[in-house]
Amino acid sequence: MGKTILTYGTFDLFHIGHLKILQNAKKYGDKLIVGISTDEFNKEKGKKTIIPFEQRKEIVENIKCVDIVIEENSWEQKIEDIKKYSVDIFIMGDDWKNEFDNLKDYCEVKYLSRTKGISSTQLKSVLNRVSVSKNELLQAFDILERLKQDFA
Ligand code: C2G
């Protein structure tokens with residue numbers, strides 16, 4: 001009987017780090033369940049997301065190695081989900097190392113190494129820099145327009 005794997009995440013601005021953790025998690029079993037943090041839960045997590053829940057869900061459920069996608073609405077639902085889906089192994093990236101060791105009473109818990117050099121936070125800061133420069137460009141054009149009129 002194949003093993004069932006469970007993991008959770010926001011998966012905002014889906015990137016290679018998200019893909020790798022899902023692919024690596026799937027190697028431990030043959031059914032991968034992914035809990036996606038809802039927009040409301042992300043507020044509770046203090047996490048501002050760019051991509052809305054419905055789109056983050058549609059992307060993850062179309063990843064080849066993902067079998068089931070569920071909503072993550074709270075910190076407390078993990079034990080209930082482990083029981084509901086008869087989860088054998090709970091897996092997270094090791095930025096969460098030891099944070100979920102309490103789940104060892106219900107299933108195996110593994111923390112896999114994160115993919116270096118990429119994070120949604122990093123992508124957001126690049127996007128912010130780009131949007132700032134766009135506004136600066138627009139302001140510069142405004143000034144140029146005004147100067148042109150002054151010297152016309
Ligand atoms: N991850 C990774 N490598 C990265 C970035 C993320 O392996 N470069 C992993 C994280 O360790 C996590 C998963 O991808 O296992 C999802 O990351 P996030 O979307 O940032 O999820 P997070 O906000 O950590 O939410 O209850 C658990 C929380 O919902 C986890």
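**Entry 1: threonine 4**

I started with threonine 4 in this predicted model. Is threonine 4 buried or exposed? Its relative accessible area comes out at 8%, and the cut-off for buried is under 20%, so threonine 4 counts as buried. I found threonine 4 in strand β1. Then I looked up what threonine 4 touches, skipping residues up to four places away in sequence: Lys31, Ile33, Tyr85, Ser86, Val87, Asp88 and Ile89.

**Entry 2: lysine 31**

Lys31 was on that list, so I went there next. Lysine 31 sits in strand β2. Its relative accessibility is 33%; partly exposed lies between 20% and 50%, which is why lysine 31 gets that label. Leaving out neighbours within four places in sequence, I noted contacts from lysine 31 to Lys3, Thr4, Ile5, Lys26, Asp67 and Ile68. I also checked one distance: lysine 31 and isoleucine 5 are 26 residues apart in sequence, yet their C-alphas are 6.0 Å apart in space.

**Entry 3: the cores**

Which residues touch the most other members in the largest nonpolar core? I wrote down Phe11, Leu22, Leu32, Val34, Ile36, Val60 and Val66, out of 17 residues in that core. The elements giving two or more residues to this core are α1, β2 (31–37), α3 (53–61) and β4. I picked leucine 22 for a closer look: beyond four places in sequence, leucine 22 is in contact with Thr7, Phe11, Phe14, Leu32, Val34, Val60, Cys65 and Val66. Apart from the largest core there is another one of 13 residues, including Leu6, Ile82, Val87 and Leu103. A general point I jotted in the margin: nonpolar side chains tend to be buried together in soluble globular proteins.

**Entry 4: the two domains**

I looked up how the chain is divided: domain 1 covers 4–117 and domain 2 covers 119–152. Their C-alpha centres are 37 Å apart. How many residues of each domain are in contact with the other? I got eight from domain 1 and six from domain 2.

**Entry 5: the largest pocket**

Last, I went to the largest pocket, with a volume of about 540 Å³. It is lined by 28 residues, and His18, Lys47, Asp95, Trp96 and Arg114 are the closest to its centre. Elements that supply two or more lining residues are β1 (4–9), α1 (16–26), β4 (89–93) and α5 (120–151). I sorted the lining by type: eight nonpolar, 13 polar and seven charged. Both domains take part, as domain 1 and domain 2 each give at least three residues to the lining.

Methods. Residues are numbered from 1 along each chain as its sequence is written. This is a predicted model: local features need pLDDT of at least 70, side-chain atom pairs count only at pLDDT 80 or more; totals for chains, interfaces and linings use all residues. Side-chain values use heavy atoms; hydrogens and water are left out. On a 1 Å grid over the protein atoms alone, a cavity is a set of points where a 1.4 Å probe fits but cannot get out, and a pocket is an open set with protein on both sides within 12 Å along at least five of seven lines; lining residues have an atom within 4 Å of a point. Grid points are joined across faces, edges and corners, and a volume is the space filled by probe spheres set on the points. Helices (H or I, at least four residues) and strands (E, at least two) are DSSP runs, numbered from the N terminus. Ala, Val, Leu, Ile, Met, Phe, Trp, Tyr, Cys and Pro count as nonpolar, Asp, Glu, Lys and Arg as charged, and the others, Gly among them, as polar. Domain bounds come from an automatic or database domain assignment. A nonpolar core is a set of buried Ala, Val, Leu, Ile, Met, Phe, Trp, Tyr and Cys residues joined through side-chain atoms within 4.5 Å. Buried means under 20% relative accessible area, exposed over 50%, partly exposed in between (1.4 Å probe, protein chains only). Contact means heavy atoms within 4.5 Å.
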